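Colleague: I am new to this structure and would like a close look at a single part, the nonpolar core. Could you take me through that part with some care?

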Amino acid sequence: MGLVHIYFGDGKGKTTAAMGLALRALGDGWRVCVCQFLKNTPSGEIEALSRFENAVVLRAGGESTGFLWQMNTAERAAYLERQYALLRRVGGENAQMFVLDEAVSACQAGAFSAETLLEAVEALRGRAEVILTGHEVPETLLARADYITQMQKLRHPYDLGVSARRGIEY
């Protein structure tokens with residue numbers, strides 16, 4: 001039985017911490033499945049993971065017109081349905097560690113309920129370590145987690161208009 005890790009909050013480092021655990025597990029020969037919700041753009045971590053034969057990366061795919069708040073109703077509904085399909089798909093993977101990056105944020109956005117996410121987490125933890133990231137975590141998920149780390153933003157260049165930088169933020 002695996003343990004559940006949650007990295008959450010408004011600070012930088014949630015995905016970075018989750019990918020650090022994935023890298024550590026890969027270095028020890030584990031099979032790792034990284035499932036990225038609400039993300040489709042190329043990133044350094046996805047490029048690095050592609051170099052490991054024991055790493056599987058799942059993304060929702062499909063066209064995205066930007067951030068959720070920029071989408072019209074139909075685009076948002078289709079996008080969130082792809083996130084739900086991604087959650088259903090992860091259960092079919094065989095791995096010793098599952099990173100559900102931004103799964104909590106997808107839940108908050110309405111892609112699936114907290115109960116549905118908790119069911120998926122419980123099914124995965126029965127056979128692997130599970131890592132979740134996101135912003136605000138429902139109490140039902142916090143109650144089932146073994147590790148909980150809150151990332152708090154004290155200062156970030158984005159607040160001064162500095163855009164996300166490849167190799168640092170993605």
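Modeller: In this predicted model, the largest nonpolar core has 38 residues, and those touching the most other members are Ile6, Phe37, Val90, Leu100, Phe112, Leu117 and Leu132. Helix H5, which spans residues 114-125, gives the largest share of this core, six residues. Leucine 100 can be followed through its contacts: leaving aside residues up to four places away in sequence, Leu100 touches Cys35, Phe37, Val90, Val121, Leu124, Val130, Ile131, Leu132 and Thr133. Apart from this core there is a second, separate one of 16 residues, with Leu21, Ala22, Val34 and Val99 among them.

Phe37 and Phe112 also belong to the topic of aromatic pairs, of which the structure holds two. The ring centres of phenylalanine 37 and phenylalanine 112 lie 5.8 Å apart with the planes at 75°, and because that angle is over 60 degrees the pair counts as edge-to-face. This pair links distant parts of the chain, 75 residues apart, since phenylalanine 37 sits in the loop between strand E2 (32-36) and helix H2 (44-49), while phenylalanine 112 sits in the loop between helix H4 (103-109) and H5. Phenylalanine 37 is buried, with a relative accessible area of 0%, and phenylalanine 112 is buried too, at 6%.

The other pair joins phenylalanine 67 and tryptophan 69, whose ring centres are 6.1 Å apart and whose planes meet at 5°, so that this pair is stacked. Here phenylalanine 67 is exposed, with a relative accessible area of 55%, and tryptophan 69 likewise counts as exposed, at 69%.

Key:
Residues are numbered from 1 along each chain as its sequence is written. This is a predicted model: local features need pLDDT of at least 70, side-chain atom pairs count only at pLDDT 80 or more; totals for chains, interfaces and linings use all residues. Side-chain values use heavy atoms; hydrogens and water are left out. A nonpolar core is a set of buried Ala, Val, Leu, Ile, Met, Phe, Trp, Tyr and Cys residues joined through side-chain atoms within 4.5 Å. Buried means under 20% relative accessible area, exposed over 50%, partly exposed in between (1.4 Å probe, protein chains only). Helices (H or I, at least four residues) and strands (E, at least two) are DSSP runs, numbered from the N terminus. Contact means heavy atoms within 4.5 Å. Rings of Phe, Tyr and Trp (its six-membered ring) pair if their centres lie within 6.5 Å; planes under 30 degrees apart count as stacked, over 60 as edge-to-face and the rest as tilted.
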